[in-house]
Amino acid sequence: MSRKPQAAEQAPARREHKTRTRRLPQHLPVIEEEAAPPAEVLAEPDAWRKTSCETSDQLEKEPGYFYLRRTVRWRYVPVDQPFATPVISPAKPRIIDNGFLGPGLLAELLANKYLYHLPFHRQHQLNLRRHGVDIDENTMHDAAEKVGDQLGILVARMKERMLAGGVVRSDETPVRCLDRTAPGGTAPGGSKLGYFWVYRGPSGDVIFDWQTSREHRHLAQWFDENFEGVLLSDGYQAYAAYCELQARRRKKVRRAACLAHIRRKFEAALKERPAVVAWILKQIAALYRIERDLEDHGATTEVRARVRHNRSLPLIRLLGKALKHLSATAIRPKSRLGEALHYALGQWSAMHTFLDDGRVAIDNNSTERDIRSTAVGKKNWLCVSRKEVNDVEKAA
């Protein structure tokens, strides 16, 4: 009995990949620019003739529209030697070797993601819907990684200038990261807390350093072990521990306290002892008025130090005596006023640092403003992946 022939198994359909041209709308404008001829052609233009050209395109974007930037490079051969090897101008360097995305478009993609917290998959949808341009999400990720590698040179230069300035402001903020392998204490969904350590230099440079914990060793790893200067921060113990570590290395790092953190503690205690706390806040306000006057008049660092010594030092001494007197009275340590006094007195020696160094600010508010943008990011970021956690841990 003959068997019924079986139908041949169908091969699985291969996924069709779109070419660059099929990902772009046909109406996209093209801006052409001709590269300058090679030096030998410029020297004797009548001795050469054009034969053919090479063209290379880059997808670019300006606010509101995409376009193609097309570079035309002509080949030349000597007029009297038509079979000689042609000469052609070298191709212009690109941020990404042989990359199709131009520098303006790359800058926008990275700014949208890291400054305005717009993930790549949303940018892909917006570009496709609004402009008909299909830039694959994976292409954006690869481009960001390659540009990030090159930006490491810029970050290293920023860090070098920051440490050379001698005054660094620092703060940290938690960021939840995806990690299903984390030990006990892992939140539902397999995540744990990482931290952005933020550093600001006197020239306004800001560097975010992502780490997997809040331990003071991250400070020691980020700073040069030979660093000497001033570290402005809140009262978190890790900063004092780093200064002590540098002291053991025979390097002098003075810690400067943040008056804004001290003020907030007393503002929270205003209802407990209104008259007493109001007087303390009045002295702090007087210190800030002095700083505002210096800022309004564009005072130099030397002038700041001199004015602070003459006007701010008496207020600091008066306020310090008042805080010590209050702490000796019957104030409950666990009350808000008791906690404010304990925090302020713990920071008071570091509060004197700004008096004789005009480079040092009275508070760390500027660094806190730098951190503020991450609050928006945390609502838009999908996650920090385990791969990024591993990369950080290897670097540590």
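This briefing covers one pocket, one cavity and two nonpolar cores. The structure is a predicted model, and every value below was computed from it. Helix 8 recurs in what follows, as the element that gives the most to the lining of the second largest pocket and also the most to the largest nonpolar core.

**The second largest pocket**

- The second largest pocket holds about 470 Å³ of space, and 22 residues line it.
- Among these lining residues, those that lie nearest the centre of the pocket are Arg169, Glu295, Arg304, Ala361 and Ile362.
- Two or more lining residues come from each of strand 5 (167–178), helix 8 (274–296), helix 9 (301–327) and helix 11 (365–380), and helix 8 gives the most, with 4 residues.
- Sorted by class, the lining of this pocket comprises 10 charged residues, together with 6 polar and 6 nonpolar ones.

**The largest cavity**

- When the whole structure is searched for cavities of 30 Å³ or more, 1 is found, and the volume of the largest cavity is about 30 Å³.
- The residues that line the largest cavity are Leu106, Leu109, Leu110, Phe120, Met140, Ala143, Ala144 and Val147.
- Helix 2 (103–115) and helix 4 (137–164) are the elements that give two or more residues to this lining, with helix 4 giving the most, namely 4 residues.
- The lining of the largest cavity has 8 nonpolar residues, with no polar and no charged residues, whereas the lining of the second largest pocket includes 10 charged residues.

**The nonpolar cores**

- The largest nonpolar core has 42 residues, and the members that touch the most other members are Leu259, Ile262, Phe266, Leu323 and Met351.
- At least two residues of this core are supplied by each of strand 8 (229–232), helix 7 (259–268), helix 8, helix 9 and helix 10 (336–351), and the element that gives the most is helix 8, with 9 residues.
- Once its neighbours within four places in sequence are left aside, Ile262 is in contact with Tyr343, Ala344, Gln347, Trp348 and Met351; of these partners, Met351 is itself listed, like Ile262, among the core residues that touch the most other members.
- A second core, separate from the one just described, has 20 residues, including Met162, Val168, Leu219 and Phe227.

**Elements that appear under two topics**

- Helix 8 and helix 9 each give two or more residues to the lining of the second largest pocket, and each also supplies at least two residues of the largest nonpolar core.

Conventions:
Residues numbered from 1 in each chain as written. Predicted model: local features only at pLDDT ≥ 70, side-chain atom pairs only at ≥ 80, totals over all residues. Heavy atoms only, no water. 1 Å grid on protein atoms, 1.4 Å probe; cavity = no way out; pocket = protein on both sides within 12 Å on 5 of 7 lines; lining within 4 Å. Points joined across faces, edges and corners; volume = space filled by probe spheres on them. Nonpolar A, V, L, I, M, F, W, Y, C, P; charged D, E, K, R; others polar. Core = buried A, V, L, I, M, F, W, Y, C linked by side-chain atoms within 4.5 Å. Buried < 20%, exposed > 50% of the residue type's maximum accessible area, 1.4 Å probe, protein only. Contact = heavy atoms within 4.5 Å.
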